[in-house]
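Here is a briefing for a reader new to this structure. It takes the open and enclosed spaces in turn, then the overall build, then a few single residues.

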Amino acid sequence: MKTFPDDFLWGGAVAANQVEGAYLEEGKGLSTSDVQPQGVFGPVVERVPGDSGIKDVAIDFYHRYPEDIKLFAEMGFSCLRVSIAWTRIFPNGDEQQPNEAGLAFYDRLFDELAAHNITPLVTLSHYEMPWGLVKQYGGWGSRQTIGFFERYARTVFARYKEKVKLWLTFNEINMSLHAPMTGVGLPETSSKGEVYQAIHHQLVASALAVKACHEIIPDAKIGDMLLGGVRYPITCKPEDVLKAQSANREWLFFGDVQARGAYPAWIQRFFRENDIALNVTTQDAADLKETVDFISFSYYMSGCAAAQPALYQSSRANIMRMIPNPHLQSSEWGWQIDPQGLRFLLNELHDRYQKPLFIVENGLGAKDVPAEDCSIQDDYRIQYLQAHLVQVREAIEDGVELLGYTSWGPIDLVSAGTAQMSKRYGFIYVDRDDEGNGTLERRRKKSFFWYRDVIGSNGASLHDPV
């Protein structure tokens with residue numbers, strides 16, 4: 001019988017800026033997320049006293065986390081992926097000393113997880129950085145930001161070394177190519193050269209965080225995190241196949257540097273042909289050799305690439321612009337549903353890096369409508385996750401070493417791209433709408449009980465596709 005490893009980690013994933021709220025509480029500073037109230041693709045808005053945005057409260061996880069963790073434990077979670085809000089620890093980013101109130105909050109959070117035997121998987125920077133570093137230094141465009149991030153990383157490693165043994169550096173680090181403000185704190189009008197230089201600084205910072213983690217918490221593991229943007233060739237024409245390879249390499253580049261410790265030759269050619277001259281010091285090259293212990297990634301959808309993209313309609317979904325696959329169906333938000341693409345990606349990453357993998361985001365955003373009895377019959381979510389987990393099981397049979405699976409948004413949260421509550425991912429419904437109205441009451445959906453059975457059976461309850 002096909003099954004999952006006995007020590008497989010099951011759970012869910014959330015991000016501080018999408019669930020916590022309390023956006024200025026106990027000394028927290030403004031982050032890039034706080035000044036993007038309409039989401040990743042919205043404008044930057046300077047905050048003024050008395051204004052408000054939906055992320056300011058989000059789902060109030062900052063105050064309600066014990067209730068939510070109890071629900072996660074009821075589902076049987078053995079792992080919860082969370083992020084630390086950098087601005088709770090260093091409000092402006094450049095302080096010499098951390099904010100004790102922020103550190104204490106995460107102590108309480110990790111203690112609550114431990115009380116329910118849930119392993120924390122902690123992301124250092126999940127789609128946010130201190131707004132002060134953007135305003136004063138130019139974000140990751142400044143080499144100085146490397147040092148500020150290393151100080152932050154070393155601070156939290158030292159504080160939580162007994163409580164957290166699984167870490168990630170930057171969430172979906174490759175998305176900076178598509179949303180530079182969210183990724184590296186640069187304006188959308190920045191040149192390719194400026195963005196790649198900022199990315200270089202971030203890659204060096206990631207390597208320094210890996211080194212610090214290995215020094216401070218020798219028994220910990222630290223990974224990178226990629227947005228798994230699988231592209232297929234739109235046809236079997238050789239030029240389309242080469243274009244798909246190039247499109248995939250665009251994001252695999254980040255994994256290559258973080259897992260192999262150097263810039264690959266093909267990206268050097270890309271830089272030459274696009275007049276991009278990076279400032280890479282001898283010390284940078286040495287620092288990059290500190291590589292991650294495992295590869296983590298998100299997977300929601302796949303797309304296609306073509307040598308002549310003008311011949312096809314493309315659309316932006318999950319941050320990247322892709323040509324839709326005519327053989328696949330799409331979600332309400334135009335994200336194509338491709339469970340087999342997850343098996344393909346798992347095998348590709350394992351073949352490429354020969355390191356353990358971790359699926360840290362996967363899920364379906366949909367408009368859940370409560371029935372008259374207030375129940376949420378989200379069979380479409382169950383079907384989506386069921387189909388994907390069957391392919392995960394097949395990849396494990398293929399020989400892929402997989403540490404775990406944390407579905408995205410086990411509880412409804414504010415979407416990153418559009419800052420909506422109506423785009424729901426959770427097994428747990430949160431009573432709040434796009435305007436911020438609602439009681440914030442938590443309610444179990446049908447998928448809650450389905451996922452509980454999957455975890456309780458270690459995947460044995462999954463049925464093969466008809």
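The largest pocket has a volume of about 920 Å³. The model is a predicted one. Its lining and the residues closest to the pocket centre come next.

**The largest pocket**

- The lining of the largest pocket is made up of 33 residues.
- Lys243, Ser246, Ala247, Glu250 and Phe270 are the lining residues nearest the pocket's centre.
- Five elements each give two or more residues to this lining: α8 (192–216), α9 (238–260), α10 (265–273), β8 (303–305) and β10 (320–322).
- Helix α9 supplies the largest share, with seven residues.
- By residue type, the pocket lining holds 16 nonpolar, seven polar and ten charged residues.

**Cavities**

- Six cavities of 30 Å³ or more are present in the structure.
- The largest cavity encloses about 100 Å³ of space.
- This largest cavity is lined by 16 residues, and Ser125, Tyr127, Thr182, Gly183 and Gln202 are the closest to its centre.
- Helix α7 (residues 180–184) makes the largest contribution to the lining of the largest cavity, with three residues.
- The lining of the largest cavity splits into seven nonpolar, seven polar and two charged residues.

**Overall build**

- The protein has 14 helices and 14 strands.
- Its radius of gyration is 21 Å, close to the 23 Å that the globule rule gives for 466 residues, so the protein is as compact as a globular protein of that length.
- The C-alpha trace spans about 60 × 55 × 45 Å along the principal axes.
- Of the 466 residues, 59% count as buried.
- Take the contacts between residues at least 6 apart in sequence: 76% of them join residues at least 24 apart.

**Asp368 and its neighbours**

- Where does Asp368 lie? Asp368 sits in the loop between β11 (357–361) and α13 (379–398).
- Is Asp368 buried or exposed? Its relative accessible area is 6%, under the 20% cut-off, so Asp368 counts as buried.
- The side chains of Asp368 and Arg381 are joined by a polar contact of 3.2 Å.
- Leaving aside residues up to four places away in sequence, Asp368 touches Ile376, Asp378, Tyr380, Arg381, Arg424, Tyr429 and Lys445.
- Arg381 thus appears both in the polar contact and in the list of residues that Asp368 touches.

**Residues with a positive phi**

- Glu172 is not a glycine, yet has a positive phi of about 40 degrees.
- The place of Glu172 is the loop between β4 (166–170) and α7.
- Glu172 is buried because its relative accessible area, 3%, is under 20%.
- Ala419 is also a residue other than glycine with a positive phi, here near 55 degrees.
- Ala419 belongs to the loop between β12 (402–408) and β13 (428–430).
- The relative accessibility of Ala419 is 8%, so Ala419 counts as buried.

Conventions
Residues numbered from 1 in each chain as written. Predicted model: local features only at pLDDT ≥ 70, side-chain atom pairs only at ≥ 80, totals over all residues. Heavy atoms only, no water. 1 Å grid on protein atoms, 1.4 Å probe; cavity = no way out; pocket = protein on both sides within 12 Å on 5 of 7 lines; lining within 4 Å. Points joined across faces, edges and corners; volume = space filled by probe spheres on them. Helix = DSSP H or I, 4+ residues; strand = E, 2+ residues; numbered from the N terminus. Nonpolar A, V, L, I, M, F, W, Y, C, P; charged D, E, K, R; others polar. Buried < 20%, exposed > 50% of the residue type's maximum accessible area, 1.4 Å probe, protein only. Polar contact = N/O pair within 3.5 Å; in protein donor to acceptor, adjacent residues only side chain to side chain. Contact = heavy atoms within 4.5 Å. Rg over C-alpha atoms; globule rule 2.2 N^0.38 Å.
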